[in-house]
Amino acid sequence: MLSELGDDAKVLAGGQSLIPLMKLRYTNPNHLVDLNYISGMSYVKEENGTLRFGALTRHAEIEASTAATKIPIIHDCAAGIADVQVRNRGTIGGSLAEADPSGDWATVLMTLETAVRCQSSKGDRRVRLADFIKDAYTTALAHDELVSEVAVKIPPKGNGGAYLAFKRSAPVYPTASAAVQLTLDGEICKDAAIALGCVGLTAIKAEDAEGVLRGQRVTAKTIAAVVEAARAVADPQSDMRGSADYKRMLVGSLLKRAIDVAVRRARGEQIETSHVYA
Ligand SMILES: Cc1cc2nc3c(=O)[nH]c(=O)nc-3n(C[C@H](O)[C@H](O)[C@H](O)COP(=O)(O)OP(=O)(O)OC[C@H]3O[C@@H](n4cnc5c(N)ncnc54)[C@H](O)[C@@H]3O)c2cc1C
């Protein structure tokens with residue numbers, strides 16, 4: 001249908017971004033193609049060390065999924081999105097396709113090995129998440145392509161991650177957020193992935209900050225240097241959620257807390273996190 005109708009058609013998944021934009025007349029598609037009638041697009045499966053999410057899997061289904069607990073940061077993300085109404089409708093595929101700079105999924109999945117399966121009547125292709133998100137509200141999808149699946153490699157043993165966001169209240173997008181995934185070898189951080197959310201036009205991979213952590217003992221001094229390097233790449237805009245300076249400070253504080261939880265999880269502790277509310 002998408003290839004027949006051309007770029008005047010939009011896909012409808014959970015409708016939690018598209019319908020508000022249509023109400024505000026920011027978008028006015030001539031055709032809506034409703035994915036909710038296609039069976040088999042909603043699942044969480046573990047296969048050969050990879051978690052596979054059907055594009056139509058709701059945030060709430062991921063929050064409740066036992067398979068998804070294999071990667072605790074994924075549970076942190078799903079459980080913290082907006083309120084229960086939004087989580088019951090909104091989908092992982094819709095979130096990535098929307099590429100909202102404030103969306104939670106891209107920030108979290110950027111710290112993992114994530115591939116987005118894009119499908120059209122001509123066939124399908126797998127795109128690395130980093131190549132899928134091109135800019136704010138812009139992805140690598142062609143107008144006749146769907147996101148059909150999101151595949152995430154399960155990190156090895158000794159790995160721990162955490163995602164924390166600061167929110168003014170549950171049903172709003174975060175003011176800033178930080179995601180961390182790290183691998184410990186005894187006291188040494190063997191590998192690290194850090195992404196910052198809501199402080200740029202897309203989620204920002206803080207590669208300099210990762211470099212500061214890699215190969216080091218995770219001490220207060222190292223964490224302070226990681227936070228400083230992460231703040232340096234944050235590029236926030238001042239808006240109703242706060243000034244750019246405020247968000248830059250905030251994202252560093254969230255990162256510090258997220259590193260603490262990630263280290264404890266990497267050491268085998270079972271820790272629940274929740275976002276920080278104003
Ligand atoms: C009050 C409120 C608060 C929210 N707070 C948060 C929050 O804190 N954090 C957060 O991350 N999100 C938040 N959201 C957004 C929510 O997570 C949405 O579910 C998500 O952004 C879009 O998913 P959806 O399934 O609703 O997509 P839709 O709204 O149906 O679609 C969004 C866009 O993606 C396209 N699309 C959808 N599915 C596909 C697909 N499979 N393939 C190709 N294109 C597709 C659509 O054509 C459309 O352009 C909030 C939404 C609301 C209404």
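A cavity is here a set of grid points where a 1.4 Å probe fits but cannot get out, and its lining residues are those with an atom within 4 Å of a point. In the predicted model described here, two cavities of 30 Å³ or more are counted by this rule. The largest cavity, with a volume of about 60 Å³, is lined by Ala 99, Asp 100, Pro 101, Gly 103, Ala 106, Thr 107, Met 110, Ile 133, Leu 201, Thr 202 and Ala 203. By class, this lining comprises seven nonpolar residues, three polar residues and one charged residue.

The second largest cavity has a volume of about 40 Å³, and its lining is formed by Ser 95, Leu 96, Ala 99, Asp 100, Gly 103, Trp 105, Ala 106 and Ile 133. Two or more residues of that lining are supplied by each of H6 and helix H7, the latter spanning residues 104–109. The class composition of the second largest cavity is five nonpolar, two polar and one charged. Ala 99, Asp 100, Gly 103, Ala 106 and Ile 133 appear in the linings of both cavities.

Helix H6 also contributes to the surroundings of the ligand, where four residues from this helix make up the largest share of the shell. In total, 31 residues surround the ligand, and the closest of them are Val 11, Gly 15, Leu 18, Thr 91 and Asp 104. The shell divides into 17 nonpolar, ten polar and four charged residues. Polar backbone atoms of the protein approach oxygen atoms of the ligand at several positions: a polar backbone atom of Gly 14 is 2.8 Å from a ligand oxygen, a backbone N or O atom of Gln 16 likewise lies 2.8 Å from an oxygen atom of the ligand, and for a backbone N or O atom of Val 172 the corresponding separation is 3.4 Å. Of the 970 Å² that the ligand exposes when taken alone, 91% is buried by the protein. The elements giving two or more residues to the shell are strand S1 (9–12), helix H6 (92–98) and strand S9 (146–153).

Among the pockets, the second largest contains about 550 Å³ of space and is lined by 23 residues, with Thr 69, Lys 70, Pro 72, Arg 265 and Gln 270 lying nearest its centre. At least two residues of this lining come from each of helix H4 (72–80), strand S10 (159–167) and helix H11 (244–266). The lining of the second largest pocket is divided into seven nonpolar, ten polar and six charged residues.

Strand S10, which contributes to the lining of that pocket, is also part of an open sheet of five strands, arranged in the order S13-S12-S11-S10-S14 with mixed pairing. The edges of the sheet are formed by strand S13 (204–205) and strand S14 (276–277), each of which pairs on one side only. Within the sheet, S10 and strand S11, which covers residues 176–185, run antiparallel and are joined by eight bridges. One of the positions involved is Gly 161, whose bridge partner in S11 is Gln 181.

Definitions and conventions
Residues numbered from 1 in each chain as written. Predicted model: local features only at pLDDT ≥ 70, side-chain atom pairs only at ≥ 80, totals over all residues. Heavy atoms only, no water. Near = heavy atom within 4 Å. Polar contact = N/O pair within 3.5 Å; in protein donor to acceptor, adjacent residues only side chain to side chain. Areas by Shrake-Rupley, 256 points an atom, 1.4 Å probe, with all protein chains shown as cover. Nonpolar A, V, L, I, M, F, W, Y, C, P; charged D, E, K, R; others polar. 1 Å grid on protein atoms, 1.4 Å probe; cavity = no way out; pocket = protein on both sides within 12 Å on 5 of 7 lines; lining within 4 Å. Points joined across faces, edges and corners; volume = space filled by probe spheres on them. Pairing = 2+ DSSP bridges.
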